[in-house]
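Here is a set of short exercises to work through with the model open beside you. Try each task on your own before reading its solution.

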Amino acid sequence: SPDGTKIAFESNRAGKRDIFVLDRPGGTARNLTANPADDWEAAWSPDGKKIAFVSDRGGSVDIYVMPSAGGQAERFVRCAEGCSGPAWSLDGKWIAYASQQDGKRHIWSADADGHNARRLTFGAGEEGSPAWSPDGKSILFTTDRSGSFEVYAMDPDGSNLKNLTPFAGGHSNARWSPDGRRVVFTSRGG
């Protein structure tokens, strides 16, 4: 959680993926989603009151939002061919995510109530793993538009694309440092 008192994690303890929340330190894990479908990729809202996650509970792979204390999950956005990687803006007003449509994954965002969805990227490759900067002025994402996965940054409206890893490798899992001055990512070489 943003205040560090809880941990949300995915587990298949019941034979399917569910989102669990664990109070720190030494609390007992409780199954937050407890649904017959698979639920994964939990993301805390900045105020810690909600969790966004990916689920196939509606017959397609969509993003849902529910209270972090438990309660009813509501479909945030429906994706034609599946969603992944929900990421809240730090002001809690937007959620960025990857959505597969027309056979390719691209980065989208919608306001926190699931309205005003808009596509942000239009590259020829697969794009995913959005991450908002601490100041809310940039979104990191990974893309293979050059033939190898690289880390890009863009403005929240999709403009000002910048390749942050223009060197060989295959880069992924990019995240901002808390002060927003650095980016950390994994690389398979280069």
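**Exercise 1. A glutamate in a loop**

Task: Find where Glu126 sits, and work out which residues it touches beyond its sequence neighbours.

Solution, step by step:
- Glu126 belongs to the loop between strand S11 (118–119) and S12. Keep in mind throughout that this is a predicted model.
- Next, look for polar atoms. A polar atom of the Glu126 side chain lies 3.3 Å from the backbone nitrogen of Arg105.
- Now widen the search, leaving out residues up to four places away in sequence. Glu126 then touches Gln100, Gly103, Lys104, Arg105, Thr142, Thr143, Asp144 and Phe149. Arg105 therefore turns up both in this list of contacts and opposite the Glu126 side chain.**Exercise 2. The largest pocket**

Task: Describe the largest pocket by its volume, its lining residues and the strands that supply them.

Solution, step by step:
- Start with the volume: the largest pocket holds about 610 Å³ of space.
- Then turn to the lining, which is made up of 26 residues; Pro86, Ala87, Trp88, Ala131 and Arg175 are the closest to the pocket centre.
- Sort the lining by class. There are 16 nonpolar residues, seven polar ones and three charged ones.
- Finally, assign residues to strands. At least two lining residues come from each of strand S4 (39–44), strand S8 (83–88), strand S12 (127–132) and strand S16 (171–176). The most generous contributor is S8, with five residues.

**Exercise 3. A serine after a strand**

Task: Decide whether Ser89 is buried or exposed, and list the polar partners of its side chain.

Solution, step by step:
- Ser89 sits in the loop between S8 and strand S9 (94–101).
- Its relative accessibility is 2%, so Ser89 counts as buried; the cut-off for this class is under 20%.
- One polar contact runs from the Ser89 side chain to the side chain of Asp91, at 2.6 Å.
- A polar atom of the Ser89 side chain also lies 3.3 Å from the backbone nitrogen of Lys93.
- Setting aside residues up to four places away in sequence, Ser89 touches Pro46, Trp94 and Trp132.

**Exercise 4. Two aromatic pairs**

Task: Classify the ring geometry of the pair Phe9 and Phe20 and of the pair Phe76 and Tyr97.

Solution, step by step:
- The structure has four aromatic pairs, and two of them are treated here.
- The ring centres of Phe9 and Phe20 are 5.7 Å apart and their planes meet at 15°, so this pair is stacked. Planes under 30 degrees apart fall into that class.
- Because Phe9 lies in strand S1 (residues 6–11) and Phe20 in strand S2 (residues 18–23), the pair ties together parts that are eleven residues apart in sequence.
- Compare the accessibility of the two partners: Phe9 is partly exposed at 23% relative accessible area, while Phe20 is buried at 7%.
- Phe76 and Tyr97 are 6.1 Å apart centre to centre with 90° between the planes, and this aromatic pair is edge-to-face.
- Phe76 in strand S7 (residues 74–77) and Tyr97 in strand S9 are 21 residues apart, and their pair links distant parts of the chain. Both Phe76 and Tyr97 are buried.

**Exercise 5. A tyrosine and its surroundings**

Task: Place Tyr64 in a strand, and find which side chain makes a polar contact with the side chain of Tyr64.

Solution, step by step:
- Tyr64 is part of strand S6 (residues 62–67).
- With 5% relative accessibility, Tyr64 counts as buried.
- Measure along the chain and through space: Tyr64 and Phe76 are twelve residues apart in sequence, yet their C-alpha atoms are 4.7 Å apart.
- Beyond neighbours within four places in sequence, the contacts of Tyr64 include Ile51, Phe53, Arg57, Ala73, Arg75 and Phe76.
- The polar partner is Arg75, whose side chain makes a 3.2 Å polar contact with that of Tyr64.

**Exercise 6. Unusual backbone values**

Task: Identify the residues joined by a cis peptide bond, then examine phi of Glu41 and of Ser129.

Solution, step by step:
- Recall the general rule: most residues other than glycine have a negative phi, and most peptide bonds are trans.
- Arg24 and Pro25 are joined by a cis peptide bond, with omega about -15°. Pro25 lies in the loop between S2 and strand S3 (29–31).
- Glu41 has a positive phi, near 60°. Glu41 is located in strand S4 and is partly exposed at 31% relative accessibility.
- Ser129 has a positive phi too, near 55°. Ser129 is in strand S12, partly exposed with a relative accessible area of 27%.

Terms used
Residues are numbered from 1 along each chain as its sequence is written. This is a predicted model: local features need pLDDT of at least 70, side-chain atom pairs count only at pLDDT 80 or more; totals for chains, interfaces and linings use all residues. Side-chain values use heavy atoms; hydrogens and water are left out. On a 1 Å grid over the protein atoms alone, a cavity is a set of points where a 1.4 Å probe fits but cannot get out, and a pocket is an open set with protein on both sides within 12 Å along at least five of seven lines; lining residues have an atom within 4 Å of a point. Grid points are joined across faces, edges and corners, and a volume is the space filled by probe spheres set on the points. Helices (H or I, at least four residues) and strands (E, at least two) are DSSP runs, numbered from the N terminus. Ala, Val, Leu, Ile, Met, Phe, Trp, Tyr, Cys and Pro count as nonpolar, Asp, Glu, Lys and Arg as charged, and the others, Gly among them, as polar. Buried means under 20% relative accessible area, exposed over 50%, partly exposed in between (1.4 Å probe, protein chains only). A polar contact is a pair of N or O atoms within 3.5 Å; within protein, one must be able to donate a hydrogen and the other to accept it, and residues adjacent in sequence count only if both atoms are side-chain atoms. Contact means heavy atoms within 4.5 Å. Rings of Phe, Tyr and Trp (its six-membered ring) pair if their centres lie within 6.5 Å; planes under 30 degrees apart count as stacked, over 60 as edge-to-face and the rest as tilted.
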